Amino acid sequence: MNDEVLIKAQRILDKKIEEKGLRKTQERYKILAEIYQREDHVEIEELYNDIIIHKFNISKATVYNTLELLVEIGLVTKHQFGLKHAARYEKAFGRKQHSHLICIDCNKVFEFCDPRLQNIQNTQEEFSGLEIKEHSLTFYAKCHRNECQK
């Protein structure tokens, strides 16, 4: 985990919590740290279990509510990959824009970045006169991992 990115994310959280008149709780900072130490896309249940394994007492409701706050303030991105699967979350601050490939068999998420997408975005901004703030591109495929071949 990049400690510098986490510290900056914690400062952003501090500021937003103060602006909203919320309390600065250990739980909020623990959830932020857990997400920022990961390099994957995590479901709430998995995140909750990982926090509990680290002997930190927390409720599922707190995890849900904190994730909503972190998404709202832009520190975490929420993805809904397909209709059948639970939402997944990933850190947002300090990350470059990227797209996703999802295996339809094992549900593994692969990230990729293609500079041509930036060119498309720039062209669309010029054509439409709109400033694009973000975009999402997800491909669904079959990977060639051993687990999927069984």
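This text goes through salt bridges in a predicted model, starting from a group around R38 and then turning to a pair that joins two helices.

A search of the whole structure finds 14 salt bridges. Side chains of opposite charge can pair when their charged atoms come close. Some of these pairs share residues: R38, D40, E46 and D50 are linked in a network of salt bridges.

Within this network, R38 has two partners described here. One of them is D40, with the closest N and O atoms 2.8 Å apart. The other is E46, whose side chain meets that of R38 at 3.0 Å, N to O. The surroundings of these residues can be read from their accessible areas. R38 has a relative accessible area of 11% and is therefore buried, the cut-off being under 20%. D40, at 32%, is partly exposed, and E46, at 34% relative accessibility, also counts as partly exposed. Both salt bridges thus pair the buried R38 with a partly exposed acid, D40 in one case and E46 in the other.

The next pair is formed by E45 and K60, whose side chains meet in a salt bridge with an N to O distance of 2.9 Å. E45 lies in helix α3, which covers residues 44-53, and K60 lies in helix α4, residues 60-72, so this salt bridge ties together parts that are 15 residues apart in sequence. As for accessibility, E45 is partly exposed, with a relative accessible area of 37%. K60 counts as partly exposed as well, at 35% relative accessibility.

Key. Residues numbered from 1 in each chain as written. Predicted model: local features only at pLDDT ≥ 70, side-chain atom pairs only at ≥ 80, totals over all residues. Heavy atoms only, no water. Salt bridge = Lys/Arg side-chain N within 4 Å of Asp/Glu carboxyl O. Buried < 20%, exposed > 50% of the residue type's maximum accessible area, 1.4 Å probe, protein only. Helix = DSSP H or I, 4+ residues; strand = E, 2+ residues; numbered from the N terminus.
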